[in-house]
Every structure is written in structure tokens, then in C-alpha cells.
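Trainee: I am new to this structure and would like a close look at one part of it. Please start with a single pocket and work outward from there.

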Number of protein chains: 2
Amino acid sequence: MKNITFDEINVGDKATYTRTITQKDIEDFAAVSGDNNPVHLSEEFAKNSQFGGVIAHGMLAVSFISKILGTEYPGPGTIFMGMNNLKFLAPVRPGDTVEAMVEVTKKHDSKPVVTFECSAVNQDGVKLLEAEAVVLASTSRIEFTPKV
Amino acid sequence: MKNITFDEINVGDKATYTRTITQKDIEDFAAVSGDNNPVHLSEEFAKNSQFGGVIAHGMLAVSFISKILGTEYPGPGTIFMGMNNLKFLAPVRPGDTVEAMVEVTKKHDSKPVVTFECSAVNQDGVKLLEAEAVVLASTSRIEFTPKV
């Protein structure tokens, strides 16, 4: 795993992460977050909800944005500063394939701060969420090889 | 589990969720999000980082906000619409006890939309994050008893 340094970052650069959501992922996210809302865990409850069936936690899809920023682009050494205007636009259901995407929209001048436009879509091209993310990128090369 | 209906919600109402973060929680969050940044998983890597040791994923603490909104206040039936001005202010470390908090700041007029000021602090009172959350609250009573 190797980072993209601040100097190597260009406005317009994009990175993606694609993952198919399983009911097990939703159960695992419920356990780690404490969010055991039955709309995520009970088909019996969820089928009578406005969603007509079980949906994933919105924050699960948002975490894929964080995954890209922290491991792919800019990668290790990046400090996640915050997000603006996060909007959940459509539900994520078990079996959906989520493609999360980040695109560099601004490199700041005084500090190695980078702004990204972020989004996620499902296999049908439906936009699931959008947000702006702000990170502090590393100015030096950071490499890491995990032990097997 | 029972919701707070839109009519029952008052500006100034607060709800909290407190959880002590374990290294296992961080590993579980890494698995479900795909975010295997070594700053979360490798003490060897993290001790030489700007954080001086392993830290939790920021989104793990944010998910506690979602947990409150979806299961406690307003609870089941709530639709999470989005977040504004999410700022990560300090790192969360394994062993830290995180208290996440939401406070109603606005009830909207035309729709049952509610705005919350959200934050999380650790056991030393250090503010870890802040954000504004916007939800669509249910106007009707929703109750659910999970099967044992």
C-alpha cells in the first residue's frame, strides 16, 4: 500500500471502490455501530416500512468513501478532516453492488488540504449518496506492506 | 424499541450513546468497510504516524450518531437524510470511551424534518467530532420487539 503525495494529486483525478453488500455486512455493521434498527435487520419489520424491505445503514456506504481516501487515494498518511453536504439519496439493499467514487475538486494553497467530490451509485446507476470530503494529504511518500 | 414521533420532538431534547472502542471493533469496522489503512490495524505502522499509535476509523464514531437517530431518538421509522459540516477534531484510540450526543436544534414547518447538532467526546472530555444531522421523523407511532 503506497500513498499519492500532495504534489502528485491533480484536480480531476478519480478513484473508486466497488463492493457488493451482503446481509452479513449489514449485520456486522449493526454490531460494530450498535445500530440495530430493525429496518436493517428484520425483513418482517422492513417489508412494512417505507422501503419495502431491508436496507443497509447509510453510513456503511459512506465508509467506502473513507476506505478510498485512507487506502487508495491519497492512501496511507491521509488525515480525514471532514465532510460537507452529505446527502443520502436512495436506499442500499442487500445484494446491491455499490460503486463509491471520489474526484479531486480542489488543492488548497497554504496547506496540503484536498477537497473531493464524492458519490456512490448502485448497479443500476442510481445515485445513492453524495458528499464533499476534505483531507490533509501527506507531502511525503508513505509505503506499507502488511505482514501476511 | 419505540420511536419518538415528530409531534413528540422538542427543540433542546438530547440523546446519547456511549461505547468503549476495542481493537476488535476497529478490525470489524475495517472488514466491513474495506478500510484496512494500517493506521487502524498495525501498531508498528501507527506508532510512527502523526498519531503515535493505532486510531479508530472516524466513520466508526460517526456511525454512533446514526445509531442514536435510528434506534433511540427519533428511533425506528426515521429516515436519515444527510449530514452537514462533519468535522473530525481528535483521534479515537482503542480503549477510549466515546459518548456520542444529538440535540434537536430545529423542527421544520412544511415537512417532519428535524435538524440535530451532533458531537462525540471521549472519557477526558475531548471533543472528537461535530456535525449537523438532518432526518425525516415519522409522524406515527412505530414499535418493534425483536424476536429472541
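By class, how many nonpolar, polar and charged residues does the lining of the second largest pocket have?

Mentor: The model is a predicted one. In the lining of the second largest pocket there are 16 nonpolar, 7 polar and 1 charged residues. The space inside this pocket comes to about 400 Å³. Its lining is made up of 24 residues, and those nearest the centre are Phe51(A), Ile55(A), Ala56(A), Gly58(A) and Phe80(B). Chain A gives at least two lining residues from each of helix H2 (38-41), H4 and strand E5 (127-136), while chain B does so from each of H4 and strand E2 (79-88).

The largest pocket can be set beside this one. Its volume is about 470 Å³. It is lined by 28 residues, and the closest to the centre are Ile79(A), Phe80(A), Phe51(B), Ile55(B) and Gly58(B). Here two or more residues come from each of helix H4 (58-71) and strand E2 (79-88) of chain A, and likewise from each of helix H2 (38-41), helix H4 (58-71) and strand E5 (127-136) of chain B. Sorted by class, this lining holds 17 nonpolar, 10 polar and 1 charged residues. As for how such spaces are found, rolling a probe the size of a water molecule over the atoms shows where empty space is left.

Now to the rings. Over all chains the count of aromatic pairs is 9. One of them joins Phe45(A) to Phe144(B) in an edge-to-face arrangement, with 5.1 Å from centre to centre and 70 degrees between the planes. This pair crosses between chains: Phe45(A) belongs to helix H3 (residues 43-46) of chain A, and Phe144(B) to the segment after E5 of chain B. Phe45(A) and Phe144(B) are each buried. A further pair is made by Phe80(A) and Phe88(B), with ring centres 5.0 Å apart; the planes stand at 50 degrees, so the pair is tilted. It too runs between chains, from strand E2 of chain A, where Phe80(A) sits, to strand E2 of chain B, where Phe88(B) sits. Phe80(A) counts as buried because its relative accessible area is 17%, under the 20% cut-off. Phe88(B) is buried as well, with a relative accessible area of 17%.

Two charged side chains are also placed over rings. Lys107(A) lies over the face of Phe6(A), 4.5 Å from the ring centre. In chain B, Lys67(B) is over the face of Tyr17(B), at 4.9 Å from the ring centre.

Some further places in chain B can be looked at in turn. Helix H1 (residues 23-33) of chain B has these buried residues: Asp25(B), Ile26(B), Phe29(B), Ala30(B), Val32(B) and Ser33(B). They are covered from two chains; the cover includes strand E1 (14-20), helix H1 (23-33) and H4 of chain A, and strand E1 (14-20), H2 and H4 of chain B. Gly34(B), just after H1(B), has a positive phi of about 80 degrees.

Ser138(B) is in the segment after E5 of chain B. With a relative accessible area of 11%, Ser138(B) is buried. Leaving out residues up to four places away in sequence, Ser138(B) touches Asn3(B), Ile4(B), Thr5(B), Phe6(B) and Gly77(B). Gly77(B) is 61 residues from Ser138(B) along the chain, yet their C-alpha atoms are separated by 5.5 Å.

Glu130(B) is located in strand E5 of chain B. Its relative accessibility is 27%, so Glu130(B) counts as partly exposed. Setting aside residues up to four places away in sequence, Glu130(B) touches Asn85(B), Leu86(B), Lys87(B), Leu89(B), Cys118(B) and Ser119(B). From Glu130(B) to Glu117(B) the C-alpha distance is 7.6 Å, and in sequence the two are 13 residues apart.

Last comes chain A as a whole. Chain A contains 4 helices and 5 strands, which follow the pattern β-α-α-α-α-β-β-β-β along the sequence. Its C-alpha trace spans about 50 × 35 × 25 Å along the principal axes. Of the 148 residues in chain A, 55% are buried. Among contacts in chain A between residues at least 6 apart in sequence, those that join residues at least 24 apart make up 67%.

Technical notes:
Residues numbered from 1 in each chain as written. Chains lettered and ligands numbered in written order. Heavy atoms only, no water. 1 Å grid on protein atoms, 1.4 Å probe; cavity = no way out; pocket = protein on both sides within 12 Å on 5 of 7 lines; lining within 4 Å. Points joined across faces, edges and corners; volume = space filled by probe spheres on them. Nonpolar A, V, L, I, M, F, W, Y, C, P; charged D, E, K, R; others polar. Phe/Tyr/Trp six-rings, centres within 6.5 Å; stacked < 30°, edge-to-face > 60°. Buried < 20%, exposed > 50% of the residue type's maximum accessible area, 1.4 Å probe, protein only. Lys NZ or Arg CZ within 6 Å of the ring centre and 35° of its normal. Contact = heavy atoms within 4.5 Å.
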